[in-house]
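Student: I should like to examine how the descriptive terms used for this model are justified. May we set each value against its definition?

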Amino acid sequence: MKIILLLAAGLLLAACAQTAPTPDTIVKPTEPPATHFVDAYPKQGDQFARVPDKALVNFNIALQPQSSITVTRDGKPVQTGALTFGQNKISIAVALPSDAGDGKFLVRFSGVKSDQTVTAGEFTFTVDSKSASAYLDFTGKSDVTIKMKDIKFTPALIRVSPKTKVTWINDDPIPHFVNSDPHPSHNAFRALNTLDLAKDAAYSFTFDQPGEWAYHCSAHVPANMFGRVIVE
Amino acid sequence: MLKALSVHYRILVLAGLALALAACAAATPDAAMMKKETATAADAMKKETPDAAMMKFPEQIFAAHFTNSTPKHGEAVNKSPDKIVINFDFTLNEISTIILLKDDKPIEAGKPVFTSNKLSMSANLPASSGDGVYVVKYKACWPDKSCHEGLFAFKVDSKMAK
């Protein structure tokens, strides 16, 4: 009898442990997104050659000051900047130190809504400085051209020096865009955003700030029309 | 004696089980943390009396790239506007839509009208729309047909004109 009762107690406690998730287990990268979550930068699973300048989460509803973002690299806390709110308070972001180093980063976010309910989740990205060798080296050049052809940016991965003017030209018969990640909010690097570019249309942008900048064509995200610019 | 101890032991174990159950219930995360807020504006207003509904707006949902609207969210006007205009900072695809609800009931808005630069779309409001809380639900779409959903609300109250 004792054994049966003890076994029952053990089973009950085990079941209890499994059905009582902590807030950290609410939304994992592989699970459906948190309520009112729109997108994040970096996006889940992204790989960078340089530490991105920020971790950013966009929602479709106004957030309260108690919202938060914490970042760890390989399990250790990363010292971020203070939490900032974007326009209409629908986005939260923290600056990441450029010397945060290589490794796997975990970003945990918690958005507090006006009714004090919380929408929380997490995502991961990696930084591997060695992967910069895969980027075409245009450092020292003042002008670089990227073609938009066959639903691709060519070249898609480049390295340039500060003050380099990069020009995108649409060689396809269909419209393309140059939009900062993340899609669809496009607010990691707001200055890097175009309206639709028709055939033969060009768009130029001069990069000043060192770092790695991720962009894409909003008309062709499913076709993986992505590009990166490292400024160093 | 042994039998009495066994009974006491069983009582103790049962009490332990009850405590474990209580602890289990308490250990579930804060209900607020787990709350998946999916209630729509219409749901929120269902429990309100018509007068209360008149006073209360649903929370605004922002689509990515939404810039502003006319009327604005939360605005109260004394006569129903001819049209509702929504502005964006990206080039809209014409599959974008606007749905209008007045006091929780759909009203005919027809297909949205786009400006030539496709940064704005509008819906005409029937002239006899009358007083009430209007909820505007919209989908702003890209050329790849991916869409962002948004919502805002305004109130028409003809008594305000007096």
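Student: Why is D74(A) called partly exposed?
Tutor: D74(A) has a relative accessible area of 47%. Buried means under 20% relative accessible area, exposed over 50%, and partly exposed in between (1.4 Å probe, protein chains only). The value for D74(A) falls in between, so the residue is partly exposed. Please note that this is a predicted model, in which local features need pLDDT of at least 70 and side-chain atom pairs count only at pLDDT 80 or more, while totals for chains, interfaces and linings use all residues. Residues are numbered from 1 along each chain as its sequence is written, chains are lettered from A and ligands numbered from 1 in the order in which they are written, and side-chain values use heavy atoms, with hydrogens and water left out.

Student: What makes the pair D74(A) and R73(A) a salt bridge?
Tutor: The term requires a side-chain nitrogen of Lys or Arg within 4 Å of a carboxyl oxygen of Asp or Glu. Between D74(A) and R73(A) the N to O distance is 3.4 Å, so the pair qualifies. R73(A) is itself partly exposed, at 27% relative accessible area. Over all chains, the rule gives 15 salt bridges.

Student: Why is E122(A) classed as it is, buried or exposed?
Tutor: E122(A) has a relative accessible area of 10% and is therefore buried. Its salt-bridge partner is R108(A), with the closest N and O atoms 3.1 Å apart. The two residues link distant parts of the chain, E122(A) being in strand β9 and R108(A) in strand β8 (residues 103-112) of chain A, 14 residues apart. R108(A), at 32% relative accessibility, counts as partly exposed.

Student: What makes the segment that holds E122(A) a strand?
Tutor: Helices (H or I, at least four residues) and strands (E, at least two) are DSSP runs, numbered from the N terminus. Strand β9 of chain A covers residues 118-127, and E122(A) is found in it. Chain A as a whole has one helix and 18 strands.

Student: How do you know that D46(A) takes part in salt bridges?
Tutor: The closest N and O atoms of D46(A) and K43(A) are 3.3 Å apart. For D46(A) and R228(A) the corresponding distance is 3.7 Å. Both values satisfy the salt-bridge cut-off, so both pairs are accepted. D46(A) is buried at 7% relative accessible area, whereas K43(A) counts as partly exposed at 35%.

Student: How is chain A divided into domains?
Tutor: Domain 1 spans 21-129 and domain 2 spans 135-231; such bounds come from an automatic or database domain assignment. The C-alpha centres of domain 1 and domain 2 of chain A lie 24 Å apart. The contact, meaning heavy atoms within 4.5 Å, takes 16 residues from domain 1 of chain A and 16 residues from domain 2 of chain A.

Student: What area is buried between domain 1 and domain 2 of chain A?
Tutor: Buried area is the accessible area (1.4 Å probe) that two parts lose on being put together, summed over both. Here the value is about 1,200 Å², of which carbon and sulfur atoms give 49%. On the side of domain 1 of chain A, D39(A), Y41(A) and R50(A) lose the most area to domain 2, together 35% of what that side buries.

Student: How many salt bridges cross the interface of domain 1 and domain 2 of chain A, and which strand of domain 1 gives the most to the side that touches domain 2?
Tutor: The rule finds two salt bridges across this interface. β1 (37-41), β2 (47-48) and β3 (54-59) of chain A each supply at least two residues of the domain 1 side that touches domain 2. β1(A) gives the most, with four residues.

Student: What is notable in the backbone at P42(A) and K89(A)?
Tutor: A cis peptide bond joins Y41(A) and P42(A), with omega about -10°; P42(A) lies in the loop between β1 and β2 of chain A. K89(A) has a positive phi of about 60° although it is not a glycine, and lies in the loop between β6 (84-85) and β7 (91-95) of chain A.

Student: Why does N224(A) count as exposed?
Tutor: N224(A) has 56% relative accessibility, so it falls in the exposed class. Its phi is near 60°, a positive value in a residue other than glycine.
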